[in-house]
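Trainee: I would like to learn how to read charged contacts and helix packing in a structure that I have not seen before. Could you take me through it step by step?

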Amino acid sequence: MKNFNITRRHFGMLAAGAAAVAALPFSARAAGGTAVAATFPGNWEDGYRKALTPILQQEGYGLTIAPAMAQDQLAKVMASPGNPPYDTLLMSPGQMATAIENDLIQKIDPSRLKNWGMLAPAFQGEYGPTVTIEVNGIAYNPDMVPKPKGYRDLFENPAYKGKVSWTGFASNTAVMAYSQIARIFGSGPTDMDAVFKLFRDNPEHLKGVVDSTNHQMTLFQQGEISVFMCSTGNVARLKSLGMKAEFVQPETGSPAAPVNIHLTKGAKNLDAAYAYMDAAISKAAQDMLKMPPTEMFPTNKDVALTPSIEAYVTRDQLANMVYPDWAAINKNRADWIRKFDALVAG
């Protein structure tokens with residue numbers, strides 16, 4: 001945040017326009033330069049490429065989508081701070097804090113974003129706009145397991161034994177869930193020793209640990225798992241593929257994280273980067289991205305929520321989500337990663 005209905009006809013017109021522009025020589029399409037934008041893989045990569053590329057082309061810019069998880073974005077920019085591989089980064093508050101500490105991103109000039117005024121003040125970050133709020137919870141297959149009440153259920157109800165998958169502490173989704181589990185079974189959100197003990201006492205859960213949410217999505221589709229920690233967007237994606245998947249807001253509250261676009265220090269294509277940032281908060285783009293299979297929560301106040309998004313969360317409910325203490329997480333995260341990896345390795 002700050003220190004935190006597209007019709008079929010319109011869609012067809014936009015797609016036709018994109019096809020026509022794509023046929024032009026590259027120099028004509030990208031006379032203003034090309035933005036290299038780091039974007040999360042999967043739904044984000046596909047959605048941003050389809051929604052934002054045509055908008056930038058109409059403005060005379062090119063767009064290269066470079067898929068990478070936030071931790072990998074940080075690692076690549078830290079490895080070459082004087083010559084960053086991206087013009088923009090896509091991150092949640094935890095990684096943003098690290099990027100600021102290491103002088104990897106710069107404050108933006110809001111006057112260069114014509115859609116800036118369409119964002120609520122909470123979404124107008126000095127280091128870049130909030131493009132969505134990721135609301136996290138539990139995905140489950142209703143044909144295979146009962147609806148869980150929350151995280152405690154997954155460890156205490158035998159109906160879930162051997163059917164739950166987890167990822168490591170490098171994942172924001174995972175660390176937000178573990179922080180809540182630490183509240184339930186330990187003394188507070190940073191008591192990860194209680195979480196590690198929980199896994200040692202329930203070794204069947206360790207068998208379901210994989211490297212990423214994308215891996216979990218594949219296992220879920222194959223019927224090898226029935227439950228995993230997720231965002232609403234993951235469930236939307238599964239449903240778009242015809243899967244039986246439902247989302248649960250845990251009884252202890254849904255962890256949530258704003259997702260911001262940031263401008264790297266030393267960005268090579270500033271004009272194109274600002275055009276990309278502006279496109280991402282435009283009504284045209286967010287009207288597309290709120291639809292399946294992405295179903296991203298829109299931050300542009302002129303974009304109405306769809307019934308399916310409102311079934312997950314409304315604008316009034318955002319204030320009641322659980323927003324983690326990323327300073328505390330960052331302080332301990334490397335140690336948690338090492339301990340959890342050692343636990344999984346046996």
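Mentor: Let us begin with one pair, keeping in mind that this is a predicted model. The side chains of D103 and K265 meet in a salt bridge, with N and O 2.4 Å apart, and a pair counts as such when the nitrogen of Lys or Arg lies within 4 Å of a carboxyl oxygen of Asp or Glu.

Trainee: Which parts of the chain does the pair of D103 and K265 tie together?

Mentor: D103 sits in the loop between α5 (93–101) and β4 (105–106), while K265 sits in the loop between β10 (256–264) and α12 (270–280), so the salt bridge joins parts that are 162 residues apart in sequence. D103 is partly exposed at a relative accessible area of 46%, and K265 is likewise partly exposed, at 31%.

Trainee: What are the locations of R112 and D271, which form a salt bridge with their closest N and O atoms 2.3 Å apart?

Mentor: R112 belongs to the loop between β4 and β5 (124–125) and D271 to helix α12, so this pair ties together parts that are 159 residues apart in sequence. R112 is partly exposed, with 35% relative accessibility, and D271 is partly exposed too, with 42%.

Trainee: How should I read the salt bridge between R152 and E156, whose closest N and O atoms are 3.0 Å apart?

Mentor: Here you should look within a single helix, because R152 and E156 are four residues apart in α6 (residues 151–156), a separation of about one helical turn. R152 has a relative accessible area of 33% and is partly exposed, as is E156 at 49%.

Trainee: How many salt bridges are there by this rule, and which residues are linked in a network?

Mentor: The count comes to 14 salt bridges, and E59, K114 and D278 are linked in a network of them.

Trainee: Turning to helix packing, at roughly what angle do the axes of α8 and α15 cross?

Mentor: The axes of α8 (residues 192–201) and α15 (residues 326–345) come within 11 Å and cross at roughly 10°. Angles under 35 degrees count as roughly parallel, and α8 and α15 are therefore roughly parallel to each other.

Trainee: Which residues make the contact between α8 and α15?

Mentor: From α8 come M192, D193, F196, F199 and R200, and they meet W336, K339, F340 and L343 of α15. Sorted by class, this contact has six nonpolar and three charged residues, with no polar ones.

Methods: Residues numbered from 1 in each chain as written. Predicted model: local features only at pLDDT ≥ 70, side-chain atom pairs only at ≥ 80, totals over all residues. Heavy atoms only, no water. Helix = DSSP H or I, 4+ residues; strand = E, 2+ residues; numbered from the N terminus. Buried < 20%, exposed > 50% of the residue type's maximum accessible area, 1.4 Å probe, protein only. Axes fitted to C-alpha atoms, helices over the stretch in contact; angles between N-to-C directions. Parallel < 35°, antiparallel > 145°, perpendicular 65-115°, else oblique. Contact = heavy atoms within 4.5 Å. Nonpolar A, V, L, I, M, F, W, Y, C, P; charged D, E, K, R; others polar.
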